[in-house]
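Trainee: I would like to take a close look at one part of this protein, and to see how that part sits within the whole. Could you walk me through it slowly?

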Amino acid sequence: MNQVVVAVENLSLSSCWSCHTPFDGVHLFCPACHIIQPTAKLSPFSRYGLIATYDIDLKALEKTYLKVQQILHPDKFVSRTDREKLYSSQQTMEMNMAYEILKDDVKRAEALLQEEGVNFEEKTIHDPHVLMMSMEDREALDEATETGPLEVDAKKRYKDTVVDLKKVFEEKDLEKTIQKTLELKYLGKFLNDIKDKKRKLRENVTANS
Ligand SMILES: [Zn+2]
């Protein structure tokens, strides 16, 4: 089970800290002595042995994640040295952080854009159509007495935007990719706002009955 392949960007040859066998860092464990290795500096994609693309197989990713959880489980390191315990917990942390990014439609896009050198925090939506849409959303949400239809509509738009994002990433259209990512981020936030409103409406009903 310790054969989970983790690709490396930095192919400079190092060696296993325990048995000193030359080691390319492709595995979590030394291929010779099967001892856990320290974390390498890797992108979230490389950590899971994936090519950096937006359209990834989320089911397969989850499977790998669960496998890694098993392999790195603290129970497996109870009788190991402190150093191995430390490395396994550091590897767990890095693998978890990478998973959180990869499985999230917005964070995954941001990670890819970051690799392109885009500083996402500086970016703002400047598509007038999207700006208008967000104003209309705000108004509709403020006035809504039930959130069902708004939620269905926003979920559909979110899904459609993910599809659009896959396309613009493939076309390597950086400007459109940035705008679509911002749009998706906005829709994610709007979906949260809808949930908040739904809770408030429910609380009001309970308070008035
Ligand atoms: Zn070794």
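What follows is a request about one helix, and then one connected answer.

Trainee: Please look closely at α6: how many residues has it, which of its residues are buried, and what covers them?

Mentor: Before turning to the helix, please keep in mind that this is a predicted model, in which the average pLDDT is 89 and 92% of the residues score at least 70. Residues 1-12 are a stretch to read with caution, since their pLDDT is below 50, although this stretch has 37 contacts in the model beyond near neighbours in sequence.

As for the setting, the protein contains seven helices and two strands, and along the sequence they follow the pattern β-β-α-α-α-α-α-α-α. The radius of gyration is 22 Å, well over the 17 Å that the globule rule gives for 209 residues, so the protein is more spread out than a compact globule. The C-alpha trace spans about 65 × 50 × 25 Å along its principal axes, and 21% of the 209 residues count as buried. The chain is divided into domain 1, residues 14-103, and domain 2, residues 120-208, with 35 Å between the centres of the two, taken over C-alpha atoms. Among contacts between residues at least 6 apart in sequence, 59% join residues at least 24 apart.

Now to α6 itself, which runs over residues 148-170. The helix has 23 residues and reaches 34 Å from its first C-alpha to its last, close to the 33 Å expected at 1.5 Å a residue. Its buried residues are Ala154, Thr161, Leu165 and Phe169, and what covers them includes α4 and α7.

These partners appear again in the largest nonpolar core, which has 13 residues. Those with the most contacts inside this core are Ala109, Ala154, Leu165, Leu184, Tyr186, Leu187 and Phe190, so that Ala154 and Leu165, both buried in α6, figure in that list. The helices α4 (105-115), α6 and α7 (174-208) each supply at least two residues of this core, and α7 gives the most, with seven residues. In soluble globular proteins, nonpolar side chains tend to be buried together.

Leu165 shows in detail how the helix meets its surroundings. Not counting residues up to four places away in sequence, Leu165 touches Tyr54, Ala109, Lys180, Thr181 and Leu184. A second, separate core of eight residues includes Tyr48, Val68, Met95 and Leu102.

Beyond its end, α6 is followed by Lys172, whose phi is positive, near 55 degrees. Lys172 is found in the loop between α6 and α7 and is exposed, with 9 other C-beta atoms within 10 Å. Most residues other than glycine have a negative phi. A positive phi also occurs at His20, near 65 degrees, in the loop between β1 (14-15) and β2 (22-23); His20 is exposed as well, with 11 other C-beta atoms within 10 Å.

It also helps to set α6 beside α5, residues 128-143. Helix α5 has 16 residues and reaches 23 Å from its first C-alpha to its last, close to the 22 Å expected at 1.5 Å a residue. Yet the number of its 16 residues that are buried is zero, so α5 lies largely in the open, whereas α6 has the four named residues buried.

In the loop between α4 and α5 lies Ile125, which counts as partly exposed, with 17 C-beta neighbours inside 10 Å. Leaving aside its neighbours within four places in sequence, Ile125 is in contact with Val130, Leu131, Gln179, Leu182, Glu183 and Tyr186, and Tyr186 is also among the residues with the most contacts inside the largest core. The C-alpha atoms of Ile125 and Gln37, 88 residues apart along the chain, are separated by 43 Å.

One last distance relates α2 to a position further along the chain. Ala60, in helix α2 (residues 58-71), is exposed, with 11 other C-beta atoms within 10 Å. Ala60 and Lys167 are 107 residues apart in sequence and 21 Å apart in space, C-alpha to C-alpha.

Technical notes
Residues are numbered from 1 along each chain as its sequence is written. This is a predicted model: local features need pLDDT of at least 70, side-chain atom pairs count only at pLDDT 80 or more; totals for chains, interfaces and linings use all residues. Domain bounds come from an automatic or database domain assignment. The radius of gyration is taken over C-alpha atoms; the globule rule is 2.2 Å times the number of residues to the power 0.38. A residue is buried if 20 or more other C-beta atoms lie within 10 Å of its own, exposed if 12 or fewer, and partly exposed in between; C-beta atoms are placed from the backbone. Two residues are in contact if their C-beta atoms, placed from the backbone, lie within 7 Å. A nonpolar core is a set of buried Ala, Val, Leu, Ile, Met, Phe, Trp, Tyr and Cys residues joined through C-beta atoms within 7 Å. The expected span of a helix is 1.5 Å times one less than its number of residues. pLDDT is the predictor's confidence in each residue, from 0 to 100.
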